[in-house]
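Me: Could you take a close look at one helix in this model for me, and then show me how a few other spots compare on the page? I'd like a connected walk-through rather than a list.

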Amino acid sequence: MKFQNDLIIRSANGEDIERYPVWLMRQAGRILPEYRAVRKKLSGFKELVKSPEFAAEVTIQPIDILNVDAAIIFSDILVVPEAMGLNYEMIEKKGPYFEKTIKSINDLSCVEKEFDIEDRLGYVSQAIKITKKELNSRVPLIGFAGAPWTIFCYMTEGEGSKTFSKARKILYTDPILAHELLDSITEVTIKYLKLQISSGVNIVQVFDSWAGILGKDQYVEFGLKYINKIADAITEVPLTIFAKGAYNSIREISAMNCNTIGVDWNMNINEVREIIGESKTIQGNLDPCVLYSSHSEIEKLTNKMLDSFKSKRHIVNLGHGVYPDMDPEKVKTFIKTVKNYEINY
Ligand code: CP3
């Protein structure tokens with residue numbers, strides 16, 4: 001398919017680009033007043049996620065308003081545990097809450113993995129199809145899922161946590177349970193990503209938001225092992241792996257079947273480049289808090305990051321999602337700065 005702007009795909013594939021592509025994690029929702037206006041029409045976040053027409057509308061808003069180089073489908077990583085049998089609520093100003101959590105091997109009886117994916121997650125597929133139609137090939141559409149370890153965190157903890165000690169405890173007290181659950185999540189996630197691909201997404205990203213809370217050995221055993229299965233299974237479109245805080249595992253991730261490695265702001269881009277060489281694209285990694293500074297400071301720090309790149313294989317982004325209280329005008333300054341930057345080689 002021909003896009004008016006396919007920079008992000010070309011960059012992911014290591015092909016030539018005339019400028020660096022830019023988008024923001026969590027660009028759909030969170031910051032735009034236009035998003036909140038749509039959200040107000042519905043009873044809550046979950047209803048929006050499950051209303052394909054509205055989900056498509058808020059997916060496209062950042063393309064029209066922020067002028068980013070890719071859209072990301074409006075949904076959440078938590079639709080997967082929900083489809084597997086654990087219902088969640090999104091509590092205003094607090095975040096997700098699961099009434100039922102996995103504490104012991106007996107609890108696995110309420111977790112399903114053999115179900116028709118389209119039956120339970122068809123609303124995402126519909127949102128993708130509507131979005132594709134309305135995007136009309138302007139820019140590529142990114143699909144996504146949580147990495148098995150991050151989904152495991154929510155299924156065992158039931159909510160956000162500073163330590164995720166309930167999730168980490170299980171790795172020591174019941175590794176068999178941990179592997180069984182991680183295996184089920186992985187199986188469902190692969191089917192889910194394939195559903196998104198057959199519905200029309202052009203790139204997929206796996207978010208391992210809680211990668212950084214595990215030590216290296218445990219991350220290899222309970223995190224990377226399962227991301228690797230996903231990477232091997234997803235062959236149809238370019239894949240991005242964003243494992244936040246996984247500085248110690250960049251080498252292992254770069255050995256996987258992925259195109260792009262997401263990097264948070266704690267990692268040094270040049271060190272990452274030295275480790276991975278030219279074989280992968282790097283996505284990231286401006287500290288999101290830079291967007292709280294003045295317009296001129298945003299320009300300066302964004303240019304400083306761009307100047308530090310020693311390769312064309314970059315997709316520009318923040319080092320994590322944009323924060324809800326950020327001024328869209330500041331976000332626009334970041335995007336404009338990237339778009340005006342001339343690559344020197
Ligand atoms: O990137 C995008 O804009 C696409 C949509 C998207 C959402 N969630 C919508 C959302 C994506 C890619 C996600 C991923 C997600 N969800 C992650 C991984 C990325 C990351 O930031 O680390 C995680 C850990 C979640 C779980 C989740 N969903 C939490 C902890 C919360 C509450 C706090 C918050 O806003 O992040 C959500 C809710 C959520 N997901 C909102 C949006 C727009 C806010 C809900 C609202 O409208 O009130």
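Reply: Here is a walk through one helix, followed by a second helix, a loop glycine and the ligand site.

Keep in mind that this is a predicted model. Let's start with helix α4, which runs over residues 52-65. Its 14 residues should span 20 Å at 1.5 Å a residue, and the end C-alpha atoms are indeed 20 Å apart, so the length agrees with what you'd expect. That doesn't make α4 free of bends, though: there's a kink of about 25 degrees at threonine 59, shortly before proline 62. Both Thr59 and Pro62 are buried, and the buried set in α4 also includes Pro52, Ala55, Ala56, Val58, Ile60, Gln61 and Ile63. What sits over them? The cover includes the helices α2 (33-40), α3 (45-49) and α6 (117-135), along with the strands β1 (71-72) and β4 (141-146). Once you're past α4, look for asparagine 67, which has a positive phi, near 70 degrees.

Now for another bent helix, α10, residues 216-233. Its 18 residues reach 24 Å from first C-alpha to last, close to the 26 Å expected. The bend here is about 40 degrees and falls at leucine 224. Leu224 is itself buried, and so is its neighbour Gly223; others on the buried list are Gln218, Tyr219, Phe222, Tyr226, Ile227, Ile230 and Ala231. These buried residues pack against α7, α8, α9 (175-199) and α11 (250-254), plus the strands β5 (203-208) and β6 (239-243).

Between α7 (148-157) and α8 (165-173) there's a loop, and glycine 158 is in it. With a relative accessibility of 1%, glycine 158 falls under the 20% cut-off and therefore counts as buried. Its C-alpha is 4.5 Å from that of phenylalanine 98, although the two are 60 residues apart along the chain. Leaving out residues up to four places away in sequence, glycine 158 touches Phe98 along with Pro96, Tyr97, Thr101 and Cys153.

Last stop, the ligand. There are 22 residues around it, and Arg26, Arg30, Tyr35, Ser209 and His320 come nearest. On the polar side, arginine 39 has a polar side-chain atom 2.7 Å from a ligand oxygen, and aspartate 76 has one 2.7 Å from a ligand nitrogen. Histidine 320 likewise puts a polar side-chain atom 2.7 Å from an oxygen of the ligand. Overall, the protein covers 87% of the 860 Å² of accessible area that the ligand has on its own.

Conventions
Residues are numbered from 1 along each chain as its sequence is written. This is a predicted model: local features need pLDDT of at least 70, side-chain atom pairs count only at pLDDT 80 or more; totals for chains, interfaces and linings use all residues. Side-chain values use heavy atoms; hydrogens and water are left out. Helices (H or I, at least four residues) and strands (E, at least two) are DSSP runs, numbered from the N terminus. The expected span of a helix is 1.5 Å times one less than its number of residues. The bend at a residue is the angle between axes fitted to the seven residues ending there and the seven starting there. Buried means under 20% relative accessible area, exposed over 50%, partly exposed in between (1.4 Å probe, protein chains only). Contact means heavy atoms within 4.5 Å. A residue is near a molecule or strand if one of its heavy atoms lies within 4 Å of it. A polar contact is a pair of N or O atoms within 3.5 Å; within protein, one must be able to donate a hydrogen and the other to accept it, and residues adjacent in sequence count only if both atoms are side-chain atoms. Accessible areas come from the Shrake-Rupley method with a 1.4 Å probe; for residues, only the protein chains shown count as cover.
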